[in-house]
Amino acid sequence: MSPRTVAVAALLTVGVGVELACCLGVLLMRGVYDKLHFTGPATTIGSLAIALAVIVEESFSQAGLKALLVFLTLLVSNPVLTHATARAARVHQLGTWQPEAGDAGQTAAPDRPAPGGPDR
Amino acid sequence: MNVWMVATIALLAGLIPCGVTCLRGDVADRLVGLELAGAVVTLVLLLLAEAFGRAIYTDIALALALLSLAGGLVFARFLERFL
């Protein structure tokens with residue numbers, strides 16, 4: 001076995017293991033906010049390991065560069081999706097995304113509307 | 001059956017928890033399951049392109065990565081506005 005084969009196998013093991021752990025975490029956690037945490041490692045550590053495995057195998061050929069591009073796309077899209085989903089879940093539960101009087105860090109109900117106002 | 005195909009089959013098993021998440025719980029929980037399934041299938045397509053030795057198949061993974069972002073945003077907006 002060449003060092004390249006060993007490196008590819010190790011990176012694939014790490015990547016697939018992280019992905020499976022994240023899938024189990026999403027299944028087992030309660031509530032949307034807890035579940036959302038587990039999409040993070042799946043799109044950073046897991047996809048980085050798998051993209052690196054492709055790059056180690058192919059070096060920076062067409063397949064390697066496209067694997068890097070897939071990884072970058074997942075890396076950028078996950079925070080956007082997480083933010084949008086968490087905001088949608090909060091609006092779905094409370095009717096608004098803005099903090100309320102009883103929330104942590106809030107002293108009293110504001111006299112004036114928040115800057116920008118509601119966007120709905 | 002090379003190491004890429006083995007990794008693909010192992011990764012496909014991760015779709016089962018995502019599917020179960022999509023089938024139960026609150027509607028926002030199901031959306032999270034769908035988004036993670038999109039990321040997992042993107043990586044499955046990336047591994048399949050390598051397993052078949054066709055670099056051009058990687059384009060499918062790239063297209064799915066971009067479309068799952070758009071789809072997730074649309075679903076989140078729909079959940080926020082209309083449900």
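Modeller: A helix is a DSSP run of H or I with at least four residues, a strand is a run of E with at least two, and both are numbered from the N terminus. By that rule chain B has 4 helices and 0 strands, in the order α-α-α-α from the N terminus on.

Biologist: On what kind of model does this rest?

Modeller: It is a predicted model, in which local features need pLDDT of at least 70, side-chain atom pairs count only at pLDDT 80 or more, and totals for chains, interfaces and linings use all residues. Residues are numbered from 1 along each chain as its sequence is written, while chains are lettered from A and ligands numbered from 1 in the order in which they are written.

Biologist: What is the mean pLDDT of chain B, and what share of its residues reach 70 or more?

Modeller: On the pLDDT scale, the predictor's confidence in each residue from 0 to 100, chain B has a mean of 94, and 100% of its residues reach 70 or more. For the complex, the predictor gives an ipTM of 0.92 and a pTM of 0.88.

Biologist: Why are H2(B) and H3(B) called roughly antiparallel to each other?

Modeller: Helix H2 (residues 15–23) and helix H3 (residues 27–52) of chain B pack at an angle of about 155°, with their axes 7 Å apart. Axes are lines fitted to C-alpha atoms, for helices over the stretch in contact, and angles run from 0 to 180 degrees between N-to-C directions. Angles under 35 degrees count as roughly parallel, over 145 as roughly antiparallel, 65 to 115 as roughly perpendicular and the rest as oblique. H2(B) and H3(B) are therefore roughly antiparallel.

Biologist: What is the handedness of the crossing of H2(B) and H3(B)?

Modeller: The crossing is left-handed, a term used if the near helix is turned anticlockwise from the far one by less than a right angle, with right-handed for clockwise.

Biologist: What makes H1(A) roughly antiparallel to H3(A)?

Modeller: Helix H1 (residues 3–28) of chain A packs against H3(A) at an angle of about 160°, with the axes 8 Å apart. Set against the limit for roughly antiparallel, over 145, this value makes H1(A) roughly antiparallel to H3(A). The crossing of H1(A) and H3(A) is left-handed.

Biologist: Why does Pro41(A), in helix H3 (residues 39–58) of chain A, count as partly exposed?

Modeller: A residue is buried if 20 or more other C-beta atoms, placed from the backbone, lie within 10 Å of its own, exposed if 12 or fewer, and partly exposed in between. Pro41(A) has 17 C-beta neighbours inside 10 Å, and therefore counts as partly exposed.

Biologist: With which residues is Pro41(A) in contact, leaving aside neighbours within four places in sequence?

Modeller: Pro41(A) is in contact with Val18(A), Cys22(A) and Gly46(A); contact requires C-beta atoms, placed from the backbone, within 7 Å.

Biologist: What share of chain B is buried?

Modeller: Buried residues make up 46% of the 83 residues in chain B.

Biologist: How many residues does each chain give to the contact of chain B with chain A?

Modeller: The contact takes 40 residues from chain B and 40 residues from chain A. On the side of chain B that touches chain A, H3(B) provides the largest share, 15 residues. That side divides into 28 nonpolar, 6 polar and 6 charged residues, where Ala, Val, Leu, Ile, Met, Phe, Trp, Tyr, Cys and Pro count as nonpolar, Asp, Glu, Lys and Arg as charged, and the others, Gly among them, as polar.

Note on methods
Two residues are in contact if their C-beta atoms, placed from the backbone, lie within 7 Å.
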